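Dear colleague,

I am handing over the structure below, followed by notes on what was found in it. Please read the notes alongside the coordinates, as they move from one region to the next.

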Amino acid sequence: MEKIEMICINCPLGCMLTVERDAEGGFKVSGNTCPRGEKYAVNELTHPVRTLTTTVAIGNREGKYLAVKTAKPISKAKLFEAMALVNATKAQAPVKIGDVIIENMLGEADLVAASDAE
Amino acid sequence: MMNYDIVIVGGGPAGMAAACAAYDNGTENILIVERDNALGGILRQCIHNGFGLHRFGEELTGPEYAARYAKMVAERGIDYIVDTMVLSLEKGEEGTVVTVMNSERGVFCINAKAVILAMGCRERPRGALSIPGTRPAGVYTAGTAQRYVNIKGKMPGKNVVILGSGDIGLIMARRMTLEGAKVHVVCEIMPYSGGLNRNIVQCLNDFDIPLKLSTTVAKIHGGERVTGVTIAKVDSNMRVIPEESEYIECDTLLLSCGLLPENELTSAAGIALDPITGGAVVNENRETEMEGVFACGNVLHVHDLVDYVSEESAVAGKSASEYIKNGAKKAALMGTVKIEKGNGVRYTVPQKIDVTGANEEVKVYFRVGKIYEGVNLKVSMNGEQVSSAKKRKMAPGEMEFVKIKKSVLDAAPNGTLKIEIVE
């Protein structure tokens with residue numbers, strides 16, 4: 001049986017998780033203090049994901065930037081590809097928090113505004 | 001002269017939460033004074049997520065968290081002025097005279113029955129770190145770099161070394177990497193990181209950025225611009241070990257070496273400060289030793305979560321409102337409980353508890369001085385154990401708290417409450 005230790009990144013508690021992988025490929029997670037920890041541990045070993053937060057230039061507001069985030073976590077392996085796409089994009093003001101800036105980015109998640117711009 | 005029941009110094013998360021809590025407690029005549037051009041404070045540049053899990057039950061970015069509070073301030077019609085600095089606080093005939101300045105009106109005074117200090121903190125700059133070497137461009141605090149990247153859209157450099165593993169340093173390691181810079185190493189002079197574990201995982205490990213503990217920057221090289229730094233191991237007395245040093249070529253050095261509550265205004269007003277927190281000495285209501293003046297948020301002690309800043313500021317806001325409702329007078333005291341820092345406890349906030357009989361349960365926040373594993377957290381009153389709890393792990397980077405029941409306080413209103421780590 002394989003034992004893997006990791007730190008949960010879901011919240012600032014940072015629980016120490018222990019994942020045991022049984023012969024059939026199933027996972028047993030311990031050390032988590034909430035259900036999200038278990039999901040994180042399994043994801044981390046099968047398909048790690050991260051929420052991307054960055055900024056987008058506002059095309060019609062010289063020198064102003066909009067905070068943006070992926071509406072849900074995206075594949076960790078696609079973070080740099082996503083950054084290249086975001087940095088080639090310009091938002092148009094006015095923008096409200098939650099407005100979609102890039103729809104279904106890389107087939108993973110919408111990129112949405114995390115700040116307002118008038 | 002302008003007259004307000006409560007004047008709040010600072011429109012960041014602490015100031016906004018205090019304002020809303022005071023308003024909701026029935027004190028509506030409030031003014032927030034903010035020196036930046038909008039409400040929100042440092043959250044405006046903290047575009048990463050992880051804020052609000054406790055307060056809102058969901059994970060928000062800094063600007064989203066700030067926007068929620070700015071909306072609450074707007075919904076309540078609470079007054080605020082921006083681009084305005086508070087210069088001084090003085091005891092007036094009734095309450096406190098707050099002297100402020102802005103470019104529109106110059107210097108003017110505001111009368112306040114109560115004042116809430118919510119100025120936040122600032123980063124320890126290079127000048128306070130005594131790093132040998134030249135003085136080239138390219139040395140920034142992590143927060144300054146964060147403002148350049150996130151607000152101004154400008155990269156401060158391409159080849160980066162970070163000194164200090166506080167959360168801002170870790171967050172900036174990831175941010176600079178995502179924007180195309182090469183972060184060579186994060187050095188931490190202490191044998192442990194001051195940042196959250198989750199940030200070490202998602203900001204360093206995710207991008208294979210090494211974290212070197214017990215390591216510092218021993219020298220900065222460069223003429224007009226940083227050309228490199230010498231990093232070196234330190235011994236247990238934090239002295240550089242010259243035999244264990246290496247040169248790293250870089251054009252940028254980011255400093256994330258601790259935050260200092262910004263209390264020039266507080267000390268100039270003659271308010272007593274706690275030498276460990278760098279913030280005012282307060283009771284459970286977050287009232288300072290100057291009557292009618294309260295403090296909350298990072299100006300009081302540096303928090304690791306904004307959620308706790310909001311919670312603490314709501315206490316200060318509500319208490320300031322109660323003070324106003326009581327005719328701008330303190331409630332009658334049954335006694336004052338002194339809080340003693342036992343083994344392992346570096347500081348507590350509050351530092352004392354004023355017992356009035358009307359107290360509710362009091363949350364005492366504290367930090368430990370080093371990493372502890374498998375210990376007991378013991379609380380006692382006048383030498384008698386009140387509670388003991390098993391702790392799997394305690395670290396200086398994570399603020400802890402204990403709840404003290406009303407019955408414990410009422411039974412010993414002049415007692416000494418001791419918080420200690422039993423190894």
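In chain B, strand S2 and strand S5 (residues 79-81) are paired in the parallel sense over three bridges, where strands (E, at least two residues) and helices (H or I, at least four residues) are DSSP runs numbered from the N terminus, and two strands pair if DSSP finds at least two bridges between them. Within this pairing, B:Asp79 in S5(B) is the bridge partner of B:Leu31. This is a predicted model, in which local features need pLDDT of at least 70 and side-chain atom pairs count only at pLDDT 80 or more, while totals for chains, interfaces and linings use all residues. Residues are numbered from 1 along each chain as its sequence is written, and chains are lettered from A and ligands numbered from 1 in the order in which they are written.

S2(B) also runs parallel to strand S1 (residues 2-9) of chain B, to which it is joined by four bridges, and here B:Val7 stands opposite B:Leu31. Between these two strands the chain passes through helix H1 (residues 13-24) of chain B, in a β-α-β crossover that is right-handed (with the strands pointing away from the viewer, the path from the first strand over the helix to the second runs clockwise). In a regular strand the side chains alternate between the two faces of the sheet. In S2(B), residues 30-33, B:Ile30 and B:Ile32 point one way and B:Leu31 and B:Val33 the other, and all are buried (20 or more other C-beta atoms lie within 10 Å of the residue's own, against 12 or fewer for exposed and values in between for partly exposed, with C-beta atoms placed from the backbone).

Further along chain B there is an open sheet of five strands, in the order S22-S20-S27-S24-S25 and with mixed pairing. Strand S22 (352-355) and strand S25 (384-394) are at the edges with a single partner strand each, so one side of each has no neighbour in the sheet. The twist from one strand to the next averages 20°, with axes taken as lines fitted to C-alpha atoms (for helices over the stretch in contact) and angles running from 0 to 180 degrees between N-to-C directions. Strand S24 (residues 372-381) and strand S27 (residues 416-422) of chain B run antiparallel and are joined by six bridges, with B:Asn376 opposite B:Val422.

Turning to the contact between the chains, 21 residues of chain B and 21 residues of chain A take part, two residues being in contact if their C-beta atoms, placed from the backbone, lie within 7 Å. On the side of chain B that touches chain A, four residues come from H5(B), which is the largest share. Seven of the eight residues of H5(B) are buried, so this helix is largely enclosed by the rest of the structure; among them are B:Asn197, B:Ile200 and B:Leu204. The cover over these buried residues includes strand S1 (2-7) and strand S4 (49-50) of chain A, together with helix H4 (167-178), strand S12 (182-187) and strand S13 (211-212) of chain B.

B:Leu196 lies in the loop between S12 and H5 of chain B, and counts as buried because it has 26 C-beta neighbours inside 10 Å. Leaving aside residues up to four places away in sequence, B:Leu196 touches A:Pro12, A:Gly14, B:Asp167, B:Asp304 and B:Gly397.

With best regards
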